[in-house]
Amino acid sequence: MTDRLEAAKKARTNVFGVLSAFPAERICDHGEGIYLFDQDGKKYIDFCGSPIACCLGHGDQRITQAVTEQMKKVSLCFGTFWINEREGELAERILKRAQQNLTRCQFVNSGSEAMESAIKLARQYHLENNKPEKHIVISRWQGYHGMTLAALSVTGFTSRRAKFGPLLHPWPKIDAPLCYRCPYDLSYPNCGVICAKALDTLINQVGAQYVAAFLAEPIGGTGTACMVPVPEYYPMVREICDKHDVLFIDDEVICGFGRTGKWFGIEHWEVNPDMTIMAKGMTGGYTPLAALLIDDRIAKTFEKTGGKFINAFTTAGNPVSCAAGLAVVDIIEKERLVERSARLGEYLHQRAREKLSPHPTVGDIRGKGMLMGVELVKNKETKEPFDPTLLASSRVHQLAMEKGCMVFPTSGFDGGVRGDAIIIAPPFIITESEIDTALDVVDEVLTDFEKEAA
Ligand SMILES: Cc1ncc(COP(=O)(O)O)c(C=O)c1O
């Protein structure tokens, strides 16, 4: 035990940025199925997928075996010197599951890297097409796309941008299509989906000749606590992008690989993006891996011009991560986990509405499939959020951890600075009764939180 506490101390002392907001001495010892265990053997249900990446549960020996087998053969073969068989196989498997227009895949290491790559590719695509002025990337407030500087520039998550303003590209943004807090104070359907039309207006204002791409998460992630845009939204976005020769980049880092009950979240709107990025679920969180899928006409443009897309990262698409990715795709397909995510997702949302909606602090429950946001409000009638200094979502997270349940805290979707929520995104292998047990814990936690906040 002393050794373990010593290890915790080492992490806190030597690793820069180990979160200090949470209790200190909790070591993650091991994982099994939907649970993680601490150093004392206390079990925590991973009700947020660690966060939102763990789709197959922890400790799956099939993935361990695939990774180990690959490591015994070779772990690294640099892409400009060698053909990497695993990379080719995985690219083919993923492209088969994506929309038909996406015909090429490039691997990188993280969601942020994939976003950087998509932005660079959009820029170069227009250059190759003799439209060098097209360089601006439009995104949405409250969208989250990563921590690196270009990815953070398109991120509209105010607290994450706050300290880096002067380093970020001043690219324009439209408001998030979050009906619960409509930025136009309108109601669907009478609103005419003005939040989508805003893209057309902005492109006209900026000048279409300067705009390279628009990008969005199909279903919001941490920045909006799982906002689901209305059915007309993405078809309208697609039409607007086509009208202005603006590429539509679909960020599936959270939604991809079955999280929302389809392979890719944008399929709910039957819209084809020009690029799709993905990470998290593609290896179930077992190894770092991300990818960028590319529309055929973009690939063909490069073929025609002979343009080289210089975007190589040392460990991108390494055989070990690709072996993990292949094992994950195998398991998802064999066990029909995308269908399971859709079915269990319906159950999760229905049970959450029954158990959590009656709480005076639960303002909205939103999302799709195994991705759910629970917005916490001070006043349900007026939707008044909690005072941000109370850190309401972090407090709910802490109380849930004490009771052995992991939920992901997030905030800032009311005008960028207020608004609290927890995200629930369990592994797809969870059962109905485990969902019930975990929701009972969240129910108790909310009751405790409400006593404290009263
Ligand atoms: C929608 C979305 N895009 C991009 C990213 C960045 O991915 P990564 O953390 O792998 O860099 C995230 C991370 O949470 C995300 O949720």
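**Pockets, ligand shell and an open sheet**

The second largest pocket has a volume of about 910 Å³. The model is predicted. Helix 4 (85-97), strand 4 (102-108) and helix 10 (296-305) each give two or more residues to the lining of this pocket. In total, 31 residues line the second largest pocket. Those nearest its centre are E87, C105, Q106, F107 and F309. By class, the lining holds 17 nonpolar residues, nine polar ones and five charged ones.

The count of cavities of 30 Å³ or more comes to one. The largest cavity holds about 40 Å³ of space. Its lining includes L76, C77, G79, N84 and E87. T314, T315, A316, G317 and N318 line the largest cavity too. Six of the lining residues are polar, three are nonpolar and one is charged. E87 appears in both places: E87 lines the largest cavity, and E87 is also among the residues nearest the centre of the second largest pocket.

The ligand comes next. Its surroundings include S110, G111 and S112, followed by Y144, H145 and G146. E217, D251, V253, I254 and K280 also surround the ligand. This shell has three nonpolar, five polar and three charged residues.

Three side chains of the shell come with distances to the ligand. For S112, an N or O atom of the side chain is 2.6 Å from an oxygen atom of the ligand. For D251, a side-chain N or O atom lies 2.7 Å from a nitrogen atom of the ligand. For K280, the distance from a side-chain N or O atom to an oxygen atom of the ligand is 3.1 Å. On its own, the ligand has 390 Å² of accessible area, and the protein covers 83% of this.

The last feature is a sheet. Four strands form this open sheet, in the order 1-2-3-13. The pairing is mixed. Strand 1 (28-32) and strand 13 (405-406) are the edge strands, and each pairs on one side only. Strand 3 (residues 43-46) and strand 13 run parallel and are joined by two bridges. D46 has M406, in strand 13, as its bridge partner.

Key: Residues are numbered from 1 along each chain as its sequence is written. This is a predicted model: local features need pLDDT of at least 70, side-chain atom pairs count only at pLDDT 80 or more; totals for chains, interfaces and linings use all residues. Side-chain values use heavy atoms; hydrogens and water are left out. On a 1 Å grid over the protein atoms alone, a cavity is a set of points where a 1.4 Å probe fits but cannot get out, and a pocket is an open set with protein on both sides within 12 Å along at least five of seven lines; lining residues have an atom within 4 Å of a point. Grid points are joined across faces, edges and corners, and a volume is the space filled by probe spheres set on the points. Ala, Val, Leu, Ile, Met, Phe, Trp, Tyr, Cys and Pro count as nonpolar, Asp, Glu, Lys and Arg as charged, and the others, Gly among them, as polar. A residue is near a molecule or strand if one of its heavy atoms lies within 4 Å of it. A polar contact is a pair of N or O atoms within 3.5 Å; within protein, one must be able to donate a hydrogen and the other to accept it, and residues adjacent in sequence count only if both atoms are side-chain atoms. Accessible areas come from the Shrake-Rupley method with a 1.4 Å probe; for residues, only the protein chains shown count as cover. Two strands pair if DSSP finds at least two bridges between them.
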